[in-house]
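Here is a short tour for a reader who has not met this structure before. Keep the sequence and the 3D view open while you read.

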Amino acid sequence: MTQKVDIKRLQISTDKKNLVDLCFDIDEATALIGQSGSGKSLTLKSILNLLPSNLKLDFEVDSPFELNSNTIGFIPQNPFTSLSPMTKIKNQFFCSDEKKEHLMQFVGLDKKLLERFPNQLSGGQLQRAVIAIAFSNDIKLLLLDEPTTALDEKSKQTILNLLHDLQKKLNFLTLFVTHDINSIKNICKNIVIIKDGKVIEKGDTKSILSNPKTSYTKELINSTFENKEFRK
Ligand SMILES: Nc1ncnc2c1ncn2[C@@H]1O[C@H](COP(=O)(O)OP(=O)(O)OP(=O)(O)O)[C@@H](O)[C@H]1O
């Protein structure tokens with residue numbers, strides 16, 4: 001497994017106030033969890049170097065690889081808007097035809113779908129294609145921004161199972177951003193809970209779920225997750 005990415009300081013501010021001030025590791029698969037407005041998207045945008053220009057970033061990171069578009073794959077929330085609508089799926093990859101076909105097979109899609117335009121795929125198929133495209137490069141880090149929110153329950157499970165499978169077969173780190181603890185319990189080994197741009201709790205998934213330290217974490221767990229298997 002690739003060594004961890006150690007985010008020593010990630011501070012985002014406007015000229016009037018601090019929005020985010022975090023310190024955490026991306027170790028194997030890590031979930032970043034918080035309610036709306038807690039700073040999840042801004043954190044991802046900082047790592048992707050896509051922060052809006054009105055915001056100031058102070059970022060200190062210790063990473064075993066350079067963080068750039070060749071090493072990072074990004075899966076956004078909505079597969080319907082994340083691909084170019086007028087471009088066939090096959091032309092949205094950045095790799096050889098042979099690798100495209102291999103990646104499509106890897107995510108469980110028929111290679112014939114390479115010839116289609118995005119609007120000719122279902123939501124679940126499209127998100128699988130987006131994941132395949134993210135692996136065009138030999139990525140070291142996969143960032144996921146609520147990747148199942150726009151999908152129905154069955155497609156959601158397919159995508160979560162696929163991610164679990166990919167982690168077992170390929171060597172990459174994962175940062176999974178969500179407000180839904182339930183969706184990451186089988187995928188992420190670690191959880192970082194954030195509130196108002198600050199880490200309020202972090203640790204391994206099992207202990208956070210079985211023994212949450214703050215009422216905010218308890219609320220997040222209770223709102224999304226019947227975690228009977230962790231509550232003895
Ligand atoms: N460009 C910006 N300028 C000023 N403030 C911003 C900007 N973008 C986001 N914010 C503020 O920063 C805070 C964190 O926003 P962010 O989008 O990271 O939240 P989030 O946790 O991703 O929320 P959600 O789950 O609703 O997407 C919010 O208070 C938001 O209003």
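How many residues lie between E1 and E2 in the hairpin that they form? There are 4 residues between these two strands. The model shown here is predicted.

**The hairpin and its neighbour**

Strand E1 covers residues 5–13, and strand E2 covers residues 18–26. The two pair in the antiparallel sense, over 7 bridges. Within this pairing, Leu10 stands opposite Leu22 in E2.

E1 has another partner. It pairs with strand E4, residues 56–62. This pairing is also antiparallel, with 7 bridges. Leu10 takes part here too: its bridge partner in E4 is Phe59. Follow Leu10, then, and you meet Leu22 in E2 and Phe59 in E4.

**The whole chain**

Step back for the overall picture. The chain has 8 helices and 9 strands. Its C-alpha atoms fill a box of roughly 50 × 45 × 30 Å, taken along the principal axes. The radius of gyration is 18 Å. A compact globule of 232 residues would have a value near 17 Å, so the chain agrees with that expectation. Of the 232 residues, 37% count as buried.

Contacts tell how the chain folds back on itself. Take those with a separation of 6 or more: 65% of them join residues 24 or more positions apart.

**A covered strand**

Strand E7 spans residues 173–178. Is it mostly covered or mostly open? It is mostly covered: 6 of its 6 residues are buried. In a regular strand the side chains alternate between the two faces of the sheet. E7 can be read in that light. Leu173, Leu175 and Val177 point one way from E7. Thr174, Phe176 and Thr178 point the other way. Both sets are buried.

E7 pairs with strand E3 and with strand E6. E3, residues 29–33, is joined to E7 by 5 bridges, and the two run parallel. Here Ala31 stands opposite Phe176 in E7. E6, residues 141–145, also pairs with E7 in the parallel sense, over 5 bridges. In that pairing, Leu142 stands opposite Thr174 in E7. From E6 the chain crosses through helix H5, residues 153–169, to E7. This β-α-β crossover is right-handed.

The strand pairings can be set side by side.

| Strands | Sense | Bridges | Facing residues |
|---|---|---|---|
| E1 and E2 | antiparallel | 7 bridges | Leu10 and Leu22 |
| E1 and E4 | antiparallel | 7 bridges | Leu10 and Phe59 |
| E3 and E7 | parallel | 5 bridges | Ala31 and Phe176 |
| E6 and E7 | parallel | 5 bridges | Leu142 and Thr174 |

**Helix H1 and the ligand**

Turn now to the ligand. It is surrounded by 14 residues. The closest are Ser36, Lys40, Ser41, Leu42 and Pro52. By type, the shell holds 4 nonpolar, 9 polar and 1 charged residue. Which element gives the largest share of this shell? Helix H1, residues 40–47, does, with 3 residues.

Why is H1 described as largely enclosed by the rest of the structure? The reason is that 6 of its 8 residues are buried. These are Lys40, Leu42, Thr43, Leu44, Ser46 and Ile47. Lys40 and Leu42 are thus buried in H1 and also among the residues closest to the ligand.

**Two residues with positive phi**

H1 is followed by Asn49. This residue lies in the loop between H1 and E4. Its phi is near 60°, a positive value in a residue other than glycine. Asn49 counts as exposed because it has 12 C-beta neighbours inside 10 Å.

Glu146 sits in the loop between E6 and H5. Its phi is positive as well, near 45°, and it too is a residue other than glycine. With 18 C-beta neighbours inside 10 Å, Glu146 counts as partly exposed.

**A buried residue in H8**

Last comes Ile221, in helix H8, residues 215–224. Is Ile221 buried or exposed? It is buried, because 21 other C-beta atoms lie within 10 Å. Ile221 and Leu50 are 171 residues apart along the chain. Their C-alpha atoms are separated by 30 Å.

Key
Residues numbered from 1 in each chain as written. Predicted model: local features only at pLDDT ≥ 70, side-chain atom pairs only at ≥ 80, totals over all residues. Near = placed C-beta within 6 Å. Nonpolar A, V, L, I, M, F, W, Y, C, P; charged D, E, K, R; others polar. Buried ≥ 20, exposed ≤ 12 C-beta atoms within 10 Å, placed from the backbone. Pairing = 2+ DSSP bridges. Right-handed = clockwise from strand over helix to strand, strands pointing away. Rg over C-alpha atoms; globule rule 2.2 N^0.38 Å. Contact = placed C-beta atoms within 7 Å.
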